[in-house]
Amino acid sequence: TNYLDFLSSSQIVLETAPLDLTNCERIYELSQRTNQLNFFGTKYRREDVQEIVLSEPRLNTFVLKCHDKFGEYGVIGFAVVDMAEGLVVDFFMSCRVQRKCVENAFFAMLTAKLRNSGLDQMSVRFRRTERNGAAVEMLKELGFSYEQTDKATGIWSRSLKTEVRDSAIVCLVDHTS
């Protein structure tokens, strides 16, 4: 059977919610364990995650939680986004849901939010690490193009006029404002 048909029949649901004190520990743990799909190679300390909750009102946070008809994946990702600039400051996601179109659904939602706020481009901060080659492939598949800013870092960007393909395969429930 076709893989996309299989994913559709799996009834994948992605829920997004803002970071709060109840999920700080899980985001800390996820940052420590996530290497392949960690766009900036971030390894938060517990205090860093709590600081985001308590003192970053200009940045939006997205805790990604996922399940399908086969079971619960739990919290599988996290993003920090400067909505005014259209800049994804940080993004990491567990490889447990890699290539299941969860990233497509998230970035489609983000595209719509940024487009509705009047922006025409989304950018992602990126730092190459020894282990995040899968993140490069993900960004390419999502339609981003790369601009290197120095030897180790750069910006991936994409037009908000272009839809994110295969995003409708995953049902998105957005609990963020």
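The chain holds five helices and eight strands in a predicted model. From the N terminus onward, these elements follow the pattern α-β-α-α-β-β-β-α-β-α-β-β-β. The eight strands form an open sheet with mixed pairing, and the largest nonpolar core counts 41 residues.

**Overall dimensions**

- The chain has a radius of gyration of 15 Å, which agrees with the value near 16 Å expected for a compact globule because the chain has 177 residues.
- The C-alpha trace spans about 45 × 35 × 35 Å along its principal axes.
- Of the 177 residues, 48% count as buried.
- The accessible surface of the chain is about 8900 Å², and carbon and sulfur atoms account for 48% of that surface.
- Taking contacts between residues at least 6 apart in sequence, 68% join residues at least 24 apart.

**The sheet**

- The strand order across the open sheet is β6-β7-β5-β4-β3-β2-β1-β8.
- Its edge strands are β6 (145-148) and β8 (171-174), each of which pairs on one side only.
- On average, neighbouring strands of this sheet are turned by 30 degrees against each other, direction ignored.
- Strand β1 (residues 13-17) pairs with β8 in the parallel sense, over four bridges.
- Within that pairing, Leu-14 has Leu-172 of β8 as its bridge partner.

**A helix across the sheet**

- Helix α2 (residues 24-33) lies across three strands: β2 (60-68), β3 (71-82) and β4 (87-93).
- The helix α2 runs at about 85 degrees to β3.

**The largest nonpolar core**

- Phe-91, Phe-106, Phe-107 and Leu-110 touch the most other members of this 41-residue core.
- At least two core residues come from each of β2, β3, β4, α4 (102-116), β5 (121-127) and α5 (133-141).
- Helix α4 supplies the largest share of the core, with eight residues.
- Leaving aside residues up to four places away in sequence, Phe-91 touches Leu-37, Asn-38, Phe-39, Leu-64, Phe-78, Ala-79, Phe-106, Phe-107 and Met-138.

**A separate core**

- Apart from the largest core lies another one, of 15 residues.
- Members of this other core include Val-49, Ile-52, Val-80 and Val-89.

Terms used
Residues numbered from 1 in each chain as written. Predicted model: local features only at pLDDT ≥ 70, side-chain atom pairs only at ≥ 80, totals over all residues. Heavy atoms only, no water. Pairing = 2+ DSSP bridges. Axes fitted to C-alpha atoms, helices over the stretch in contact; angles between N-to-C directions. Contact = heavy atoms within 4.5 Å. Core = buried A, V, L, I, M, F, W, Y, C linked by side-chain atoms within 4.5 Å. Buried < 20%, exposed > 50% of the residue type's maximum accessible area, 1.4 Å probe, protein only. Rg over C-alpha atoms; globule rule 2.2 N^0.38 Å. Areas by Shrake-Rupley, 256 points an atom, 1.4 Å probe, with all protein chains shown as cover.
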